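Colleague: I'm new to reading protein models, so could you walk me through this one? Let's have it up on the screen and go piece by piece.

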Amino acid sequence: MRALVADDDRGTVMVLKSALQRLGLDVVVALDGTEAWEILQRDPSIALAILDWMMPGADGPEICRRIRGDVPLAHMYVILLTSRDASADLVAGLDAGADDYLIKPLESEELRARVQVGLRVHALQQRLSEQVAELQEALSKVKQLTGLLPICSYCKSVRTDQNYWERVDHYMTLHTDVQFSHGICPACYETVMARLDKEEADSRIALEQTQSGSKGSQ
């Protein structure tokens with residue numbers, strides 16, 4: 001995971017870079033706001049940025065506003081680094097788009113804790129994005145039927161958009177994810193069996209009549 005450190009104080013930059021590297025991050029450095037923004041434009045894969053409030057070129061809050069207005073960068077977790085500790089200043093920084101802040105001089109354990117929070121949030125956002133993508137892919141494969149579907153009252157065939165008549169099971173298989181397995185319900189079973197019994201009886205009577213006629217002619 002890549003991180004950006006932007007501060008015009010080289011000593012602070014080295015401290016932050018070393019701390020982030022110990023957390024397993026690949027760190028890129030900028031010494032002013034203009035350079036920081038150029039790096040972000042070139043590399044939208046940066047997941048976390050620590051920006052000094054006061055920098056030449058563009059200050060931290062201004063970079064925050066640009067990040068939140070740029071779709072490829074909007075997911076980034078941003079921490080503002082400042083010596084200002086007044087509530088109004090902190091609110092202004094958060095309103096500009098920062099997710100968190102660090103007060104100078106830096107305290108190592110606080111820095112570690114706040115960065116780890118940022119990494120957890122980014123990991124959750126990434127997983128959520130993956131799940132949304134998976135859901136969209138699944139939905140794109142779903143076929144749906146909507147609107148009026150003409151169906152024959154007798155044979156139950158349905159009329160397609162091309163004005164052809166198809167069996168309902170064939171039509172549903174083509175236009176939905178439904179798969180049919182054919183069987184016979186009890187009511188239809190009785191009807192079919194009664195018809196078969198009648199056909200068998202009629203055939204037997206016809207055969208008997210044919211045989212009787214043959215004997216009579218002899």
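Colleague: How many bridges join S3 to S4?

Modeller: Quick background: this is a predicted model, where local features need pLDDT of at least 70, side-chain atom pairs count only at pLDDT 80 or more, and totals for chains, interfaces and linings use all residues. Residues are numbered from 1 along each chain as its sequence is written, and side-chain values use heavy atoms, with hydrogens and water left out. Strands (E, at least two residues) and helices (H or I, at least four) are DSSP runs numbered from the N terminus, and two strands pair if DSSP finds at least two bridges between them. S3 and S4 run parallel, and the number of bridges joining them is 5.

Colleague: Which residue in S4 does leucine 51 stand opposite?

Modeller: Stay with the pairing of S3 and S4, which run parallel. Opposite leucine 51, in S4, you find leucine 80.

Colleague: And which residue in S5 stands opposite leucine 80?

Modeller: S4 also pairs with S5, in the parallel sense, over 4 bridges. There, the S5 residue opposite leucine 80 is tyrosine 101.

Colleague: Is the β-α-β unit of S3, H3 and S4 right-handed or left-handed?

Modeller: Point the strands away from you and follow the path from the first strand over the helix to the second: if that runs clockwise, the crossover is right-handed. The crossover from S4 through helix H4 (residues 87–95) to S5 is right-handed. For S3, H3 and S4, the β-α-β unit is right-handed.

Colleague: How many of the residues of S4 are buried?

Modeller: Buried means under 20% relative accessible area, exposed means over 50%, and partly exposed is in between (1.4 Å probe, protein chains only). In a regular strand the side chains alternate between the two faces of the sheet. Here both faces are covered, with Tyr77, Ile79 and Leu81 buried on one side and Val78, Leu80 and Thr82 on the other. The buried count for S4 is 6 of 6.

Colleague: Within what arc do the buried residues of H3 fall?

Modeller: The buried residues of helix H3 (residues 60–68) are Gly60, Pro61, Ile63, Cys64 and Ile67. They line one face of the helix, because, seen down the axis of H3 and going by the directions from the axis to the C-beta atoms, they fall within an arc of 160°.

Colleague: Which strands do those buried residues pack against?

Modeller: Contact here means heavy atoms within 4.5 Å. The buried residues of H3 pack against helix H2 (33–42) too, and the strands are S3 (48–52) and S4 (77–82).

Colleague: Which residue pairs with aspartate 7 in a salt bridge?

Modeller: A salt bridge is a side-chain nitrogen of Lys or Arg within 4 Å of a carboxyl oxygen of Asp or Glu. Aspartate 7 is buried, at 0% relative accessible area. Its partner is partly exposed, at 26%. The N to O distance is 3.4 Å, and the partner is lysine 104.

Colleague: How far apart are the closest N and O atoms of arginine 2 and aspartate 26?

Modeller: This salt bridge links distant parts of the chain, with arginine 2 in strand S1 and aspartate 26 in strand S2, 24 residues apart. Arg2 and Asp26 also belong to a network of salt bridges with Asp43. Between arginine 2 and aspartate 26, the closest N and O atoms are apart by 2.5 Å.
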